[in-house]
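Subject: Structure for you to look at

Dear colleague,

I am passing on the structure we talked about, together with some notes on what was found in it. Please open it first and keep it beside you while you read.

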Amino acid sequence: MKKLCILLIISLLFSCANLSDSEQYEITYAFVNLENVAKTDEAKTIDVLKKRLSKYHKNVEVERNSDNEIMVRLPAGFDIDVVNQIVENQGKLDFWPCIAKDQMLRFVLKLDSITKNDTIPKSFSSMVLSLNPAGFPIFAEEDLPHLKKLVKGDKVKSLFVGDYKRLKLLFGLQDDGYVELYGVESNQTERAPINESHIIEAQQDYDQIGRPAVSITMNEYGAHKWYQMTNDAYENDTKIAVTLNNLVYSAPGVTSGPISGGLTQISGDFTLNQAIDLSNVLRSQQMIPKLKFVRINKLDKE
């Protein structure tokens, strides 16, 4: 009788598992600015997402529909927030050389002088709360929408000449109600000397103070450029901005000479699961066009 009960329980467990596996959901995502997405990038996106999501769930299907939307099919039991974070993350990683402190201070003064008479709610200088040790201005999070509009205006664009011809302004992560504005040296390609294509390995790790982080290993070219970049930062006492999808996650300095071997770490305000997901995203070595969630449907059982 005891054996019979055990067999019945096992049978019920397997039948429940089969029932769960038979439930499937379809999540649809649309390309942001589809008109600017090449057909080759549409096809690449499917391959990259398959690779990313296979680390998260073994049974996953990714394909395009007739509207050029991306459809992801998963069995029941997945976390929609996690799937969205994996799919909507472009995986665009860049390591930018920051401009020097005195150069940034001069630009801030120019920026303030050229915008102070504008009929806007606040002047640039009135929004600056303080400067960080590298000379980059710090603002209140509430001023971010206006600040973005201001720095993208035609007056500010007129300053990108001479020594500032290649200047690129980037915002940092919002942290405790504050946000920083960074100045980096850009180029004609709009991609940093080191980016996600130069990564051969990424794994979840912890930084020096025990926060979840992502450690990466670069290929030979990336390691060579990283040595040059860290040597320049060390000699010029400048920072290196680590950006993910154009947001600065950290801007470390180099205090003990150039770094060889192509090893570095990305830290920020990550949870453990976010660091794990990010390492899976960066492992694909490819960025994808920006996607946005459209809908989720439960598929009818056949």
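In which strand is K298 found? The answer is strand β15, which covers residues 291–298. Please bear in mind throughout that this is a predicted model, and that the values below are computed from it.

To stay with K298 for a moment, this residue counts as partly exposed because its relative accessibility is 47%, which lies between the 20% below which a residue is buried and the 50% above which it is exposed. If residues up to four places away in sequence are not counted, K298 touches E23, Q24 and Y25. K298 and D277 are 21 residues apart along the chain, and their C-alpha atoms are separated by 25 Å.

D277 itself is found in helix α9, residues 272–283, and its surroundings deserve a careful look. The residue is buried yet has no salt bridge, and the nearest side chain of opposite charge, that of R283, is 9.2 Å away. Leaving aside its neighbours within four places in sequence, D277 is in contact with V82, Q85 and I86.

On the surface, you will find a nonpolar patch formed by Y206, L272 and I276, which together have about 250 Å² of accessible area. Of these, Y206 lies in strand β10, residues 199–206, and is partly exposed, with a relative accessible area of 42%.

Helix α6, residues 144–151, is a good place to practise reading a helix, and its buried residues are L144, L147, L150 and V151. These residues cover an arc of only 120 degrees around the axis, which means that they sit on the same side of α6. The face turned away from that buried side carries the exposed residues P145 and K149. The buried residues of α6 pack against several elements, among them the helices α4 (101–115) and α7 (154–157) and the strands β7 (167–171) and β8 (178–185).

Finally, for the protein as a whole, there are nine helices and 15 strands, and the C-alpha atoms fill a box of roughly 85 × 45 × 40 Å, taken along the principal axes. Buried residues make up 42% of the 302 residues. Among the contacts with a separation of 6 or more, 69% are between residues 24 or more positions apart. The protein exposes about 16,700 Å², of which carbon and sulfur atoms supply 51%.

With best wishes

Definitions and conventions: Residues numbered from 1 in each chain as written. Predicted model: local features only at pLDDT ≥ 70, side-chain atom pairs only at ≥ 80, totals over all residues. Heavy atoms only, no water. Helix = DSSP H or I, 4+ residues; strand = E, 2+ residues; numbered from the N terminus. Buried < 20%, exposed > 50% of the residue type's maximum accessible area, 1.4 Å probe, protein only. Lys, Arg positive; Asp, Glu negative; His and termini not counted. Salt bridge = Lys/Arg side-chain N within 4 Å of Asp/Glu carboxyl O. Contact = heavy atoms within 4.5 Å. Arc of directions from axis to C-beta. Patch = residues over 30% accessible without salt bridge, like charges linked within 9 Å, V, L, I, M, F, W, Y side chains within 5 Å. Areas by Shrake-Rupley, 256 points an atom, 1.4 Å probe, with all protein chains shown as cover.
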